[in-house]
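Please open the structure in your viewer and keep the sequence beside it, since each stop of this tour begins with a selection to make. Which parts will you want to look at, and in what order?

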Amino acid sequence: MNILFVHQNFPGQFKHLAPALAQLGHRVIALTMQKSEQTRWEGVELFPYAVSQGSTPGVHPWVTDFETKIIRAEGAFRACVQLKDQGFAPDVIVAHPGWGESLFLKEVWPRAKLGIFCEFYYVSEGADTGFDPEFPVEDVSGNNCRLRLKNLNNHMHFDFADAAIAPTSWQASSFPDSFRSKITVVHDGIDTDVIRPNQNVQLNLRRSGAAAPLTFTRNDEVITFVNRNLEPMRGFHIFMRALPKILTERRNARVIIVGGDGVSYGAKPSIEKNGADSWKEVFINEVRGRISDEDWARVHFVGQVPYVNFVSLLQLSTVHVYWTYPFVLSWSLIEAMSAGTAIVASDTAPLREVITHGENGLLVDFFSIDSLVQAVCCLLDDPQERQRLGTAARHTAVAAYDLNTVCLPKQLAWVEALAQRNQDKG
C-alpha cells in the first residue's frame with residue numbers, strides 16, 4: 001500500500017505505527033511542518049510543507065484558532081498536490097487533525113481512506129474548562145462560543161473521515177455520539193521491554209556549581225514528578241504546595257522534577273499579575289519562603305531530559321506523582337507504571353480508566369494538598385505496599401498498554417481495516 005501520515009510535529013503519536021508499516025513493505029510518506037535536512041526516518045519518507053502567510057492582525061479572537069488551521073490546511077494541501085504530481089496516490093491517509101492539515105486532502109485524493117487521531121473534543125463542562133476554581137474562566141458564555149468554534153475543525157473532519165482512533169476510552173467519550181461509533185480505542189503503546197524495573201539502576205545528576213554529580217540508586221528515597229512543561233493543567237501548583245510539608249516530614253527524600261518552563265496546553269502567566277513569566281517561577285516564589293535552604297537543596301529541577309535518562313529516573317523512583325486536570329492522559333503515567341513504580345495520582349477521570357485505587361496505585365482528590373502529602377509519606381514508610389502497588393501497576397501496563405503485544409498489532413489491524421474499505425468498494 002501507499003500510506004500517508006500527517007502530523008505537524010511528526011512522528012508524534014505515530015512514532016511506532018509509521019515505521020512498523022514501512023517495515024512491512026508499504027511505502028510510507030509523512031507530511032510534516034518540521035524543517036529538516038533529513039529526508040527519511042525509520043524507513044519513512046519525510047515530506048515537509050510550509051505555510052504562505054501568518055494569522056491576520058486584529059482578526060476576531062474567537063476565529064484566530066480556526067484561521068490558523070486553515071492556513072496550515074492550505075499549506076498541506078499545496079504540498080500534497082506536489083506529491084500527486086510526482087505520482088504518489090495514497091490508499092490510506094492517517095492524520096492527526098488537531099492543527100488542521102488534513103482538512104483538504106480528500107480534495108487531492110478523493111478515493112483515499114482517511115483515518116484520524118481523535119485526541120480531544122473541546123467541551124464547556126466535564127473536562128479541563130472550568131475544572132480549577134483557582135483559574136476561572138473570566139467570560140464563561142464567550143468562552144463557550146470560542147470552544148464551539150474551536151470544534152469546527154473536528155466537525156469538518158467528521159464529515160469525511162472514514163474511521164478514527166483514540167488512545168483512551170475517556171478521550172473517545174468526549175466526542176459527539178454521532179461520530180463516536182467510528183472511533184476505535186487503542187493506546188499509542190509503551191515498550192514495556194525497554195521500560196521495566198531495574199534494581200541496579202544508577203543515575204548521575206549534574207548540579208549547577210557543584211564539582212561532582214549527585215548519584216542516585218534504588219537505595220535513595222526519590223519522589224518524581226513529570227510534565228512536558230510545568231503548568232497548572234498538569235497539577236504543578238498542587239505538587240509544589242505539597243513540597244514544604246513533604247520535605248519537612250521526609251528528611252532524606254530527594255525530589256526530582258522533570259519539565260520545561262513553557263506551556264503545552266494552558267496560558268502563560270502574566271508578569272504583571274503573577275510576578276513571573278513561567279509557572280515554574282510563580283510557584284517557586286509562592287512556596288520558597290516556607291522551605292529552608294537545606295531542604296530546598298533536595299529539590300532538583302532537571303528540565304527536559306534525554307529519554308534514556310528519563311527511563312532511569314522512573315526506574316529509581318520510590319514514589320511517582322502524576323497530577324492532571326480531566327484532559328489527555330500523558331505517556332509518562334503508563335511509562336512510570338511499566339517501570340514498576342508506586343504511583344500517587346489525581347482522582348480525575350482520565351486516571352480512573354488506568355488506576356484502580358488501592359490496587360495498582362493511589363488516587364487522591366486533585367485539590368487536597370494534605371491528602372497528597374499523606375499518600376506520598378505513607379508509601380515512603382511502607383516498602384511492602386510500594387512493591388505491591390508497583391508490581392500491579394506494571395502488570396496493568398504490560399497487559400493493557402504494551403506496544404508490541406497489544407497496541408501496535410491493534411493499530412496495524414485498524415490501518416488494514418481502513419484500507420480494506422477501499423478494496424471492498426473496488
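The tour passes through a sheet, two helices, a covered strand and two spaces between the atoms. Please keep in mind throughout that this is a predicted model.

**First stop: the eight-stranded sheet**

Begin by colouring the strands of the open sheet, of which there are eight, arranged in the order S3-S4-S2-S1-S5-S6-S7-S8 with mixed pairing. At the edges you will find strand S3 (40–41) and strand S8 (183–185), and because each of these has a single partner strand, one side of each is left without a neighbour in the sheet. Next select residues 2–6 and 92–95, which are strands S1 and S5; the two run parallel and are joined by four bridges. If you label Val-6, you can find Ala-95 of S5 standing opposite.

**Second stop: the enclosed cavity**

Searching the whole structure gives one cavity of 30 Å³ or more, and its volume is about 80 Å³. To display its walls, select Gln-13, Phe-14, Leu-17, Val-94, Phe-117, Ile-165, Val-186, His-187, Asp-188, Gln-411 and Trp-414. Sorted by class, this lining has seven nonpolar, three polar and one charged residues.

**Third stop: the two sides of helix H4**

Now move to residues 140–150, which form helix H4, and show the side chains of Gly-142, Asn-143, Leu-147 and Lys-150, which are buried. These residues lie on the same side of H4, because the arc that they cover around the axis is only 145 degrees. Ser-141 and Arg-148, by contrast, are exposed on the other side of H4. As a general background to such a pattern, an α-helix has 3.6 residues a turn, so residues three or four places apart point the same way. To see what covers the buried residues of H4, add helix H2 (64–85) and helix H5 (152–160), which are among the covering parts.

**Fourth stop: Ile-284**

Centre the view on Ile-284, which belongs to helix H10 (residues 279–287). Is Ile-284 buried or exposed? Ile-284 is buried, because its relative accessible area of 11% falls under the 20% that sets the limit for buried residues. Leaving aside residues up to four places away in sequence, Ile-284 touches Met-240, Trp-296 and Phe-301, so it is worth showing these side chains together. 

**Fifth stop: strand S15 and its partner**

Select residues 342–346, strand S15, where five of five residues are buried. Ala-342, Val-344 and Ser-346 are buried on one side, while Ile-343 and Ala-345 are buried on the other, and both faces of S15 are thus covered. Then add strand S14 (residues 319–322), which runs parallel to S15 and is joined to it by four bridges. Within this pair, Tyr-322 stands opposite Ala-345 of S15.

**Last stop: the second largest pocket**

Finish at the second largest pocket, which holds about 290 Å³ of space. Its lining consists of 18 residues, and those closest to its centre are Gln-199, Arg-218, Gly-340, Arg-386 and Gln-387. Selecting helix H16 (residues 383–401) brings up the largest share of this lining, namely six residues. By class, the lining of this pocket has four nonpolar, 10 polar and four charged residues.

Notes:
Residues numbered from 1 in each chain as written. Predicted model: local features only at pLDDT ≥ 70, side-chain atom pairs only at ≥ 80, totals over all residues. Heavy atoms only, no water. 1 Å grid on protein atoms, 1.4 Å probe; cavity = no way out; pocket = protein on both sides within 12 Å on 5 of 7 lines; lining within 4 Å. Points joined across faces, edges and corners; volume = space filled by probe spheres on them. Nonpolar A, V, L, I, M, F, W, Y, C, P; charged D, E, K, R; others polar. Buried < 20%, exposed > 50% of the residue type's maximum accessible area, 1.4 Å probe, protein only. Arc of directions from axis to C-beta. Contact = heavy atoms within 4.5 Å. Pairing = 2+ DSSP bridges.
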